Every structure is written in structure tokens, then in C-alpha cells.
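Reader: Hi! Could you walk me through the aromatic side chains in this one?
Author: Happy to, let's bring it up.

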Amino acid sequence: MASLVAATFTVHAATTAAAAATGPELSVDVSAARHAISPGIYGLNGGDPAFNAEIGQTVARWGGNTSSRYNFKNRTYNTGSDWFFENIVADEARSLEGMVGSNLDRGIKPVVTVPMIGWVAKDSPSSHPFACGFPATRFPQQDRFDEWDPNCGNGQLNGQNLTGVPTDTSIRADAAFAGEMVSHLVDRFGTAAQGGVPIYELDNEPVLWAHTHRDVHPELVSYDELGGKGTATAAAIKAADPSAAVLGPSGWGYCEWVASGVDGCGPGADSAAHGGLNLSQWYLKNMKDYSDAHGGTRYLDYFDQHFYPQISGGKDPEANAWRLRSTRSLWDPTYVEESWIGPGGVNAPPLQFIRTMKSWINQYYPGTKTAITEYNWGALDDINGALAQADVLGIFGREGLDLATMWGEPKPTDPGAYAFRMYRNYDGAGSRFGDTSVSANSGNQGKLAVYAAQRSSDNALTVMVVNKTGDDLTSPLSVAGFDSTGAAQRFTYGPANLGAIVRGSDLQVTNGRVEATYPANSITLLVLPPAGCTASLQTNGEWGTGHVATVTVTNNRSTAIAGWRVSWTWPAGQQVTNSWNTALKQNGTGVVAADAGWNGSIGAGGSTTFGFAATGPAAAPRLTCSPT
């Protein structure tokens with residue numbers, strides 16, 4: 001890649017800016033803060049297969065509450081408190097093997113959750129009446145019963161939890177069972193290194209077991225239980241497939257992020273007994289200590305937590321504004337939570353969730369990757385939810401998150417689906433946001449959020465701008481370290497057309513500051529092809545059976561290029577018979593002319609020439625020039 005120097009451009013909007021408000025200044029520096037954007041951040045837990053294929057879904061997670069007691073031997077799971085603690089036999093499509101096979105066939109990496117709770121579902125009828133954790137035959141008085149299966153209750157009487165009998169639905173399963181499950185998948189699909197399951201998750205939201213699976217695990221989860229089961233299960237996974245990665249602990253939210261079930265939602269006796277560390281810190285340290293004691297084998301590859309913003313699910317103006325502010329909890333050290341997590345509740349410090357995860361990793365288990373395998377900002381059927389989702393995907397890339405899978409996926413026609421499309425299929429032809437994050441700043445990220453990345457396939461610069469306000473905003477955009485061709489492609493999604501991403505007219509890119517107008521409540525992607533070189537052909541002489549021509553190669557960049565290549569296709573079977581000042585090859589009707597070495601370097605705005613003689617009449621083929 002050619003060296004980059006400062007270059008500033010701005011974008012002329014096709015719409016008039018007369019009625020627009022003045023927005024914050026935007027700036028991008030292509031040479032600063034460069035790091036790869038993990039393709040794993042564009043994952044989903046489920047969703048419409050056609051939509052998933054359209055956006056090039058990268059990761060699919062097989063998880064959730066039902067996975068905690070999934071028995072791969074009989075394809076049976078338990079619904080837990082989600083639905084009357086019932087055993088359900090999975091059909092082929094919803095079975096573990098069905099999910100893994102379907103995703104591997106589509107080139108999607110599956111994340112498979114392995115049970116760690118200590119119990120898995122025993123054999124059960126495949127239709128009602130199901131085996132269940134609180135059957136009426138044992139507990140005739142309960143607050144609620146399943147209308148479809150009146151023998152299955154909710155396990156409460158007068159709002160108080162009943163004590164279940166685990167063997168009514170389940171059989172014991174320890175870490176060895178997890179190892180058998182992985183071995184089963186290896187036998188079916190190969191190891192991770194052979195294209196099988198690449199990542200295994202250590203159960204799901206374990207500190208909630210005493211609620212979601214209280215029929216078999218009413219006890220509150222402690223540091224020692226989580227740590228002991230985690231290391232034993234991770235070791236069993238690695239023994240069955242050393243090439244697979246392990247992900248955990250997959251906590252449900254803030255309280256599980258910092259505290260065990262025994263402690264509740266803050267420091268307590270359990271924390272004090274473990275060096276005063278919060279649960280996440282100790283969990284990472286415990287995994288590192290276990291690794292050190294076992295020859296340095298890594299037993300935790302991804303530190304994973306779930307993140308759900310604790311906002312209302314409404315779409316009124318107050319809820320919408322809060323939704324757009326709440327994305328700051330992922331990164332902003334100045335943002336104080338407005339929910340029960342903040343001063344009105346447990347009074348947690350600013351979360352800066354992803355940055356805090358990375359900080360704890362650096363201190364307690366360096367080299368561990370970061371993951372958020374469940375998240376959802378809500379309102380995906382509304383433009384407000386689409387704005388939040390576009391902001392979140394930009395944050396994931398900028399902050400260097402390694403893996404993310406949304407829970408509660410948008411329908412293909414939802415505005416939230418278009419937020420994914422803006423990053424993964426903005427032109428309907430599979431074009432994507434860049435894969436190398438670069439520095440992008442806004443004078444007010446709360447009004448205009450901006451994210452930028454360079455695309456390795458063609459070195460184009462992609463700039464995503466999310467207007468979180470109800471006003472059209474006119475803002476200057478300046479870019480350093482990038483030579484543009486002079487035109488920016490523009491793609492916009494917003495209230496004017498909720499059924500499509502609109503391809504606007506190309507925008508002029510010139511030196512200096514020129515303003516662009518971003519529509520209210522919209523997502524705009526600017527795609528800037530890189531400047532390169534151009535080639536023009538001039539015929540110097542022609543006779544009946546041949547001709548002679550000169551090609552001029554011009555460097556359009558503001559920096560020198562080290563080499564060049566010009567290609568074209570003859571329209572009428574012409575054949576080059578001689579050439580000079582170039583290394584030229586012809587194959588059929590195709591010609592490729594490269595620099596001769598000594599004339600490869602062309603200064604900014606400079607040019608060089610080469611010539612050739614060819615058979616046939618003079619022609620004007622379309623020449624393509626590219627720096628090398």
C-alpha cells in the first residue's frame with residue numbers, strides 16, 4: 001500500500017442545506033488508530049436464513065436458557081422458568097447437529113453451548129404431557145399451570161418458590177458429559193482445525209441458574225462453583241478438541257458481571273473470601289491460574305458477557321432519546337448510567353463496558369479475546385432502533401470487540417435489519433463496510449456519530465455517519481491520510497424510505513472544507529474509492545495492416561507511486577508486435593503492460609509514457625490503470 005500523507009476533502013450534498021441546522025465537525029485520519037475489525041462482530045443467535053445469508057452472517061450461537069440442560073444423547077432440553085420447566089424433544093432442524101450442520105454448510109461459524117449446571121434432560125415424551133419440573137401430580141396447588149399441559153406448573157405457590165425434585169426431569173451430568181458432547185460433534189463434523197465447531201461456550205448465564213433452572217439448581221452460585229465447574233468443563237472441551245476455543249462465563253448483565261449469586265449485586269462475603277476481586281476479575285484470574293498449573297494450556301479463549309441496556313422498551317420520544325444515549329455505556333468513561341445501575345440504584349461507576357473488559361483481561365489473563373454473545377437495544381421495528389444498532393456495530397468495530405451475536409434478531413423488513421445491511425450489503429451487491437478501523441471523530445458523537453474503516457479488497461475508505469437528532473445537520477467532513485478519486489458514493493437509510501437503502505448521487509470531493517447535509521434520524525455511508533492512476537492512448541501512425549501508439553500513465557495521487565500496470569482488451573483481435581518502456585504481455589485479446597522498473601516511480605501528479613506497435617487497425621480500447 002502506498003504511503004499516505006495528509007489530504008483534506010469535504011463533501012457537497014445534493015440536497016440544499018438552507019433548512020438544515022449546523023452540525024458538529026467530523027474528521028477521519030486514515031493513518032491513525034488502525035486495527036482490524038473482527039468479522040465476528042456481525043453475528044446473530046438466530047434469524048431469517050435468507051437475511052442471514054444476505055448480510056454474510058459470520059457467527060451463529062446455539063445457546064440461551066434451554067441449552068443449560070440440553071442432552072445431546074436424546075436431543076431433549078428443558079425450558080426452565082421460561083415455560084413451566086418442561087422437557088422438549090428437539091426436531092432435526094432445532095437439534096444440536098441440525099444447527100451445527102446447517103451453519104457449517106453456509107460458511108457460518110457456530111458457537112455451541114455445553115451444559116455445566118450439573119443436570120441434563122432425561123427422556124421425555126415428544127408430545128404432551130411432557131415431563132416437567134413441578135408436575136401437578138407432585139404439587140397440586142400452584143399459582144399457574146400450562147394451558148396446553150395442565151400437569152406442568154410454574155413452581156410457585158402464593159408467589160413463593162416450591163422445591164423441585166431434579167430427577168423428575170433430569171439426570172446428573174458433570175464435565176465428562178461435556179467432553180462426550182464435544183467428542184460427538186468432532187466425530188460428526190471434525191475438529192475445529194478440520195472445519196468443525198470452532199467455539200464452545202461454558203453454559204449460559206450461570207448466576208441465574210437459581211432462577212431459570214431452580215427446579216434442579218435452587219442454590220445460589222458462588223465463586224467456587226462457577227470457577228470449579230468452568231475449569232473442569234474447559235479442560236474436558238480441550239481434551240476432546242484441543243483446536244477448539246472456549247468462551248465464558250456469559251453472564252446475564254451488570255450484577256453477574258461483578259458479583260456471584262451469593263453476593264447479589266456488589267461486593268460481599270464471597271468476594272472478600274476471594275481476594276476482594278469482583279466476579280469477572282476473579283474468573284479471569286482463576287482461569288489464568290489453572291492454565292499456569294497445567295503447562296500453560298489456554299483454557300479460556302474468549303471473555304464473554306451479555307449486555308442489555310436497562311432502558312424501557314418504549315418508542316416514545318423520551319425512550320428513543322435514552323436508547324440512543326445508552327450506547328455510550330459500551331465505551332464512554334464519562335457516561336453515567338441512567339438506569340438502576342447508576343446513582344438511582346447500585347450506583348456503579350461509568351461502565352465503559354468493552355474498555356473495562358479489555359482492562360480486566362490485560363490485568364488478569366492477557367491475550368483473552370472479548371465477546372458479547374447476547375445484546376439487543378430494542379425497537380428494531382423502528383428507525384430509532386436502527387440508529388442504535390448502527391451505532392452499536394460502529395462501536396464494536398472501533399473498540400476492537402472480537403465477537404458479538406445479537407439475541408432477538410430483526411425481521412428482514414425491519415429497520416433494524418437495514419442497520420446490518422448498511423455495514424454488510426449497502427448496495428444490494430454484497431459490498432461491505434471496511435475491515436480496518438481508522439480514527440474517526442465527531443465534535444458531538446451524541447448528535448452525529450461517525451465511524452470509519454478502510455476496505456482491504458480495494459483500499460476504499462468507508463465512513464458511517466449516524467444522525468441521532470430530529471434535524472437535518474450540515475457538517476464539514478475532513479479526511480487526513482487518504483487520496484480520493486474526487487467523488488464519494490453516498491448511501492442513506494432513513495425515514496424518507498424505510499424499505500430501502502437509497503443510492504444518492506455521487507458527491508464531489510475536493511481539497512478544502514465543503515459541507516455535507518445528513519438527514520434527520522438517518523444512517524449515511526460514504527464510500528471513497530482511492531486515487532490511483534489513469535492511462536490514455538494516442539495513435540501516432542496507422543497503415544492498412546498495423547498501427548503505432550503511445551500510452552501516457554498519470555499519477556492522480558498526492559503522493560508518489562512506486563509502480564504501475566495498465567491493461568486492456570483489443571476489440572478486433574489486434575496483436576502487439578513490439579513495445580518499449582514497458583514489460584508487456586498479451587494473452588488472447590487481453591494485454592497487460594507493466595512498468596519497466598526504471599520508470600515505475602511517478603511523482604504526485606506526474607506522468608510517464610510507453611509505446612507499442614500492433615497489427616490491425618488503430619483502436620480505442622478502455623484502459624485500466626492501477627498502482628503496484
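Reader: Thanks! So how many aromatic pairs does the structure hold?
Author: There are 23 aromatic pairs in this model, which is a predicted one.

Reader: Take Phe-51 and Phe-420: why is that pair called edge-to-face?
Author: Their ring planes stand at 85 degrees, with the centres 6.4 Å apart, so the pair is edge-to-face. The cut-off for that label is over 60 degrees.

Reader: And where in the chain do those two sit?
Author: In distant parts: Phe-51 belongs to helix 1 (residues 49-54) and Phe-420 to helix 12 (residues 415-424), 369 residues apart.

Reader: Are Phe-51 and Phe-420 buried or exposed?
Author: Both Phe-51 and Phe-420 are buried.

Reader: What about Trp-568 and Trp-570?
Author: That pair is edge-to-face too, because the planes are at 85 degrees, and the ring centres lie 5.7 Å apart. Both Trp-568 and Trp-570 are buried.

Reader: Nice. Which residues form the aromatic cluster?
Author: Tyr-254, Trp-257, Phe-307, Phe-353, Trp-360, Tyr-375, Trp-377 and Phe-396 make up one cluster.

Reader: Switching to charges, which ring does Arg-298 sit over?
Author: The ring of Tyr-365, with the charged end of Arg-298 4.2 Å from its centre. There is also Arg-398, which lies over the face of Trp-331 at 4.5 Å from the ring centre.

Reader: Last one: which residues of helix 9 are buried?
Author: In helix 9 (residues 317-326), the buried ones include Trp-322, Arg-323 and Leu-324. Helix 11 (383-399) is part of what covers the buried residues of helix 9.

Key
Residues numbered from 1 in each chain as written. Predicted model: local features only at pLDDT ≥ 70, side-chain atom pairs only at ≥ 80, totals over all residues. Heavy atoms only, no water. Phe/Tyr/Trp six-rings, centres within 6.5 Å; stacked < 30°, edge-to-face > 60°. Helix = DSSP H or I, 4+ residues; strand = E, 2+ residues; numbered from the N terminus. Buried < 20%, exposed > 50% of the residue type's maximum accessible area, 1.4 Å probe, protein only. Lys NZ or Arg CZ within 6 Å of the ring centre and 35° of its normal. Contact = heavy atoms within 4.5 Å.
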